[in-house]
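Me: Could you take a close look at a single part of this structure with me? I would enjoy one connected walk through it.

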Amino acid sequence: MPFENPAPENGGRDGGRDGAGENEAGTPRARNGARAAHPPGGDILPLRLEGVCYAPEGRTLVGELTLELRDGGPTVVLGANGAGKSLTLRLCHGLLEPTAGTVRWMGPDAARARWAQAMVFQRPVLLRRSVLANVVYGLALRGVSRRERPALAMEALRATGLEAMAGRQARVLSAGEAQRLSLARAWALRPRVLFLDEPTANLDPAASRAVEEIIAAIGAAGTKIVMTTHDLGQARRLAHEVLFMHRGRVLERSPAPQFFQQPNNEAARAFLKGELLW
Ligand SMILES: Nc1ncnc2c1ncn2[C@@H]1O[C@H](COP(=O)(O)OP(=O)(O)OP(=O)(O)O)[C@@H](O)[C@H]1O
Ligand SMILES: [Mg+2]
């Protein structure tokens with residue numbers, strides 16, 4: 001696979017655009033003067049959640065969570081519908097503010113955390129532009145120089161099998177192609193951490209497998225993957241560790257083989273048997 005860690009010279013892409021906020025992919029933008037990509041040797045991990053709760057209008061939806069996400073293989077968040085998985089990913093990525101507790105990047109390059117991470121959602125949000133322009137736009141938001149954008153974007157399209165579709169309108173892509181495009185857009189940014197919320201939920205088995213292979217390759221190239229999925233086969237194939245959530249809390253955190261062979265709590269056992277109700 002043509003996934004590689006960023007070359008040293010990529011670490012120096014200086015930001016040129018001002019303004020924090022979200023782009024269409026829900027990814028925080030770089031501020032003026034910020035470096036656009038994860039610089040070699042730098043790191044934002046671990047991510048530490050301490051006493052994190054999300055309780056809008058007093059109703060606790062998530063929490064209390066105290067945990068650390070470290071470098072290493074993919075962390076897969078499992079749990080029944082409504083368990084709080086998506087909210088937890090949004091809290092980690094900074095799209096939601098916790099109502100109590102703190103979410104902090106602890107690595108030496110924590111100050112760059114906003115632009116060293118990306119998120120991909122179940123339904124890709126694409127611009128009414130070409131496939132290539134969608135990736136280029138994400139790079140522009142991160143302040144990558146105009147000159148560098150096309151080559152980086154094409155590299156990401158090649159890695160996701162979309163090279164031949166570069167000139168096509170993004171809005172006409174199939175669901176599987178559209179999700180590969182959102183992965184290309186995220187991958188072009190060389191995020192240190194990539195959050196994925198049910199990235200294959202709308203896809204047929206073949207498209208799902210293609211997306212899964214891309215995620216595995218991104219992880220193998222050194223990006224920390226944190227994802228949710230309802231596809232237990234996919235979780236078994238991808239997960240290094242499992243965080244099992246139930247009613248807003250993490251009830252179990254185990255190495256993946258252990259979780260799937262012998263989960264150590266009752267709710268997780270019921271979940272794996274397909275018997276867990278909210
Ligand atoms: N903005 C919100 N305001 C109020 N309640 C919310 C909000 N977002 C989510 N919820 C509720 O919080 C709970 C957890 O939602 P969340 O989307 O995190 O679940 P999930 O584990 O991702 O479920 P699924 O597997 O269905 O995606 C649910 O009961 C949901 O209805
Ligand atoms: Mg969800």
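**A helix and its surroundings**

Reply: Arg-149 is a good place to begin: it is buried, with 21 other C-beta atoms within 10 Å, and the cut-off for being buried is 20 or more. Please keep in mind that this is a predicted model. Arg-149 belongs to helix α3. Setting aside neighbours within four places in sequence, its contacts are Val-136, Leu-139, Ala-140 and Val-144. Val-136 is 13 residues away along the chain, yet the C-alpha atoms of Arg-149 and Val-136 are separated by 5.7 Å.

From α3 we can move to α4, since the buried residues of α4 pack against α3 (149-159). Their other partners are β5 (117-120), α2 (131-141), β6 (193-197) and α5 (205-220). Eleven of the 14 residues of α4 are buried, so this helix is largely enclosed by the rest of the structure. Among the buried ones are Arg-180, Arg-185 and Trp-187, along with Gln-179, Ser-182 and Leu-183.

The length of α4 can be checked as well. Helix α4 covers residues 175-188, and at 1.5 Å a residue its 14 residues should span 20 Å; the end C-alpha atoms are 20 Å apart, which agrees. After the helix comes Arg-190, with a positive phi near 50°.

Elsewhere, ligand 1 has its own shell, including Pro-56, Leu-61, Asn-81, Lys-85 and Ser-86. That shell divides into four nonpolar residues, five polar and one charged.

Notes: Residues are numbered from 1 along each chain as its sequence is written. Chains are lettered from A and ligands numbered from 1 in the order in which they are written. This is a predicted model: local features need pLDDT of at least 70, side-chain atom pairs count only at pLDDT 80 or more; totals for chains, interfaces and linings use all residues. A residue is near a molecule or strand if its C-beta atom, placed from the backbone, lies within 6 Å of it. Ala, Val, Leu, Ile, Met, Phe, Trp, Tyr, Cys and Pro count as nonpolar, Asp, Glu, Lys and Arg as charged, and the others, Gly among them, as polar. Helices (H or I, at least four residues) and strands (E, at least two) are DSSP runs, numbered from the N terminus. The expected span of a helix is 1.5 Å times one less than its number of residues. A residue is buried if 20 or more other C-beta atoms lie within 10 Å of its own, exposed if 12 or fewer, and partly exposed in between; C-beta atoms are placed from the backbone. Two residues are in contact if their C-beta atoms, placed from the backbone, lie within 7 Å.
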